[in-house]
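Biologist: Could you take a close look at one helix for me? I'd like to hear how it sits in the fold and what lies around it.

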Amino acid sequence: MTDIDWDALREVAISAMRSAYAPYSNYPVGAAALVDDGRTVAGCNTENASYGVGLCAECGLVSNLAMTGGGSLVAFVCVNGEGETIMPCGRCRQLLYEHAHPTMLLETVSGIRTIDEVLPDAFGPRDLERVN
Ligand code: THU
């Protein structure tokens with residue numbers, strides 16, 4: 001995928017970030033992704049007074065993906081309150097992996113990376129095939 005408009009996708013993430021509910025960390029996050037059928041999905045972090053149950057922006061994004069028809073993610077970026085690209089946390093790399101197209105790309109703090117580079121040797125759906 002050389003034709004991904006990363007600036008446009010980052011703008012969607014920035015817009016999502018502006019909807020964040022982050023009164024405890026004061027660290028709003030927005031995430032945006034392109035889906036293999038051309039859709040764009042997005043999410044923002046949504047914190048909770050019970051700190052541990054707060055939702056990362058990627059949680060909203062994958063829910064948005066399912067709600068709008070499913071599919072696989074081909075490009076992803078997430079940003080902080082300054083609009084700077086940040087890394088998805090470890091848990092969210094796993095969330096993204098579940099829905100990743102095999103060639104999924106992410107804009108990261110060290111450039112464009114594949115999903116396999118940001119979550120090497122991932123555990124995933126295929127590991128469960130033998131028991132299901
Ligand atoms: N956060 C995300 O939304 N996504 C990430 O990948 C990193 C962290 C949120 C969780 C929490 O609301 C805030 O950033 C500070 O950790």
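**A close look at H1**

Modeller: Let's start with H1, which has twelve residues and reaches 16 Å from its first C-alpha to its last, close to the 16 Å expected at 1.5 Å a residue. Keep in mind that this is a predicted model. The buried residues of H1 are Trp 6, Leu 9, Arg 10, Ala 13, Ile 14, Ala 16 and Met 17. They cover an arc of only 160 degrees around the axis, so they end up on the same side of H1. And what covers them? The cover for the buried residues of H1 includes strands E1, E2, E3, E4 (85-86), E5 (100-108) and E6 (111-114).

Moving on along the chain, the loop between H1 (6-17) and E1 is where you'll find Tyr 24. Tyr 24 is partly exposed, because its relative accessible area is 38%, and partly exposed runs from 20% to 50%. Together with Tyr 21 and Tyr 51, Tyr 24 makes a nonpolar surface patch of about 380 Å².

For a second helix to set beside H1, try H2, at residues 57-67. Its buried residues are Ala 57, Glu 58, Cys 59, Leu 61, Val 62 and Leu 65. These pack against strands E1 (30-35), E2 (40-44) and E3 (73-79), along with helix H3 (90-98). So much for its packing; as for what comes next, H2 is followed by Gly 69, which has a positive phi, near 125 degrees.

Conventions:
Residues are numbered from 1 along each chain as its sequence is written. This is a predicted model: local features need pLDDT of at least 70, side-chain atom pairs count only at pLDDT 80 or more; totals for chains, interfaces and linings use all residues. Side-chain values use heavy atoms; hydrogens and water are left out. Buried means under 20% relative accessible area, exposed over 50%, partly exposed in between (1.4 Å probe, protein chains only). Helices (H or I, at least four residues) and strands (E, at least two) are DSSP runs, numbered from the N terminus. Contact means heavy atoms within 4.5 Å. Patches are made of residues with over 30% relative accessible area and no salt bridge: like charges are joined within 9 Å, nonpolar side chains (Val, Leu, Ile, Met, Phe, Trp, Tyr) within 5 Å. Accessible areas come from the Shrake-Rupley method with a 1.4 Å probe; for residues, only the protein chains shown count as cover. A salt bridge is a side-chain nitrogen of Lys or Arg within 4 Å of a carboxyl oxygen of Asp or Glu. The expected span of a helix is 1.5 Å times one less than its number of residues. The arc is that of the directions from the helix axis to the C-beta atoms.
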